[in-house]
Each structure stands twice: as structure tokens, then as C-alpha cells.
Amino acid sequence: KVTNVPIIIYDQDQSDISRMIVTAFKDSERLKVIGMAADYEEVKNSVDSQKVQMAVVIPPHLKQDLKKGVPTEVGVIINGTNIVITNTLSLAASAIIQTISAGVTIKTMEGTGISKQKAYNAMQALSFRARIWYNPGASYLQFMLLGLIGTTLQQLALLAIALSFSKERESGTWKNLMFSNLPGFEIILGKFLIYFFIFTMDGMIM
């Protein structure tokens, strides 16, 4: 379970509704608000440096637009290099904004004299738009191939080491290793490096 993912919030509205949104993000166990951005440049630098995994951008005039019934979007910028964290952040942001949107929409419409039942059936005025940086398509392809190659090389090298020790035991040369002054770590490392190098070169050629 992914929890306490660092995020930053840029509140351009500074209203009671925007503060309610900030509080909701702070109360989420999946997220950890580490600071409030002063401008968009700070938002960009925080995401670029991987100081945070997500930035929430609350637009100016949010409260005024909601009162007028103008559809308003809260921007969410997500670092998409980690697919698992990206999905977690998207779901958390969606749940928070939709919950607040329902309450704000009903309260706003009731204030204009519309019945509660009609308010429940009304279209929500507040939504969120997610922008995923660095991996906008949320594709595994960019990471799967290198990860698969690395895992395959590791398993082949470990298998080769096991077969090497097995052959030495069968041929009787195992005793030479046991009575040598070399520590076990160096023996395993020496056998691992040669096979790892061979399989790496083989993988690059293929």
C-alpha cells in the first residue's frame, strides 16, 4: 500500500473553499503535503527535482466561479516515472476532488433556492485535470524491457555460478577452494563477475 507520497500545493485562490481542498489533501493517508508553493516556478522545480511526486494547482477565482456556476478545474501535475505511484496519486486526487465537488455543488445550488433533490442531480461544477509528466502515456514499455533484461542476466549468472560449484564438487576441485585463503565472498564474486560479463555482452549483441 502506497502511503505518505510527498506532494506540494499551489493555492492561487486563498478562499475558504481552497483551504478546504488543502485540508482534504493533508488528511489523506496516501499523501503528505510537504509545503505550499509560492508560484508556478516552484511547482515546476519541485516536480523536476523529484522533491515531490505530485503538485496540486488551485486556480484563482475558484470560489467566485463556483458561485456563478462556471465549471472549474483543479490542476494536478504527477510525476509519471513510477506507474504504481502515478495510479495511486490519480485515484487519491480524484476521490478528494469529487467528494469536495459534491458538497460544494449542493451547498451552492441550495443557496440559490434550488431544492436539495435537484442539487443532488445537478452536474458537478468542480473537477480535476491530471497532467502526467515524463511518461504521459503511463506506458510500462519504457521500463519493462530494461528491467526484464536485468532480471534475466541476474538469474542466468546465479544459475551459472551454481552449476560451476556443482561441477567443481563432482570433479573434486572443490577442496582447493575450501582450503584456499580466499574468503567465500571473493570466490562467489569472482565466479559471478565473469558469467555476468559474458551474459551482458551476449545480451547486448542479441
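The following dialogue reads the main features of this predicted model.

Trainee: How many helices and strands are in the chain, and in what order do the elements run?

Mentor: The chain holds eight helices and five strands. Starting at the N terminus, the elements run β-α-β-α-β-α-β-α-α-β-α-α-α.

Trainee: What holds the strands of a sheet to one another?

Mentor: In general, strands of a sheet pair through backbone hydrogen bonds, and the pairing is either parallel or antiparallel. In this structure, five strands form an open sheet in the order 2-1-3-4-5, and the pairing is mixed. Strand 2 (31-36) and strand 5 (126-133) are the edge strands, each pairing on one side only. On average, neighbouring strands of the sheet are turned by 25° against each other, with direction ignored.

Trainee: Which way do strand 3 and strand 4 run, and how many bridges join them?

Mentor: Strand 3 (residues 54-58) and strand 4 (residues 72-79) run antiparallel and are joined by four bridges. To find one place where they meet, begin at Val57, whose bridge partner in strand 4 is Gly75.

Trainee: Which strands does helix 2 touch as it packs on the sheet?

Mentor: Helix 2 (residues 40-48) touches strand 1, strand 2, strand 3, strand 4 and strand 5, and its direction makes about 50° with that of strand 5. Helix 1 (residues 16-27) may be read in a similar manner. Helix 1 lies across strand 1 (5-11), strand 2, strand 3, strand 4 and strand 5, and runs at about 175° to strand 1.

Trainee: What share of the residues is buried, and what share of the contacts links distant positions in the sequence?

Mentor: Of the 206 residues in the chain, 33% are buried. Among contacts with a separation of 6 or more, 75% are between residues 24 or more positions apart. As for the outside, the accessible surface of the chain is about 13000 Å², and carbon and sulfur atoms account for 60% of that surface.

Trainee: Let us take a single residue. Where is Phe196 found, and why is Phe196 classed as partly exposed?

Mentor: Phe196 is found in helix 8 (residues 184-205). Phe196 is classed as partly exposed because its relative accessible area is 32%, and a residue counts as buried under 20% and as exposed over 50%.

Trainee: Which residues is Phe196 in contact with, leaving aside its neighbours within four places in sequence?

Mentor: With those neighbours within four places left aside, Phe196 is in contact with Leu153 and Ala157. Phe196 and Leu153 are 43 residues apart in sequence, yet their C-alpha atoms are 6.7 Å apart in space.

How values were computed
Residues are numbered from 1 along each chain as its sequence is written. This is a predicted model: local features need pLDDT of at least 70, side-chain atom pairs count only at pLDDT 80 or more; totals for chains, interfaces and linings use all residues. Side-chain values use heavy atoms; hydrogens and water are left out. Helices (H or I, at least four residues) and strands (E, at least two) are DSSP runs, numbered from the N terminus. Buried means under 20% relative accessible area, exposed over 50%, partly exposed in between (1.4 Å probe, protein chains only). Contact means heavy atoms within 4.5 Å. Accessible areas come from the Shrake-Rupley method with a 1.4 Å probe; for residues, only the protein chains shown count as cover. Two strands pair if DSSP finds at least two bridges between them. Axes are lines fitted to C-alpha atoms, for helices over the stretch in contact, and angles run from 0 to 180 degrees between N-to-C directions.
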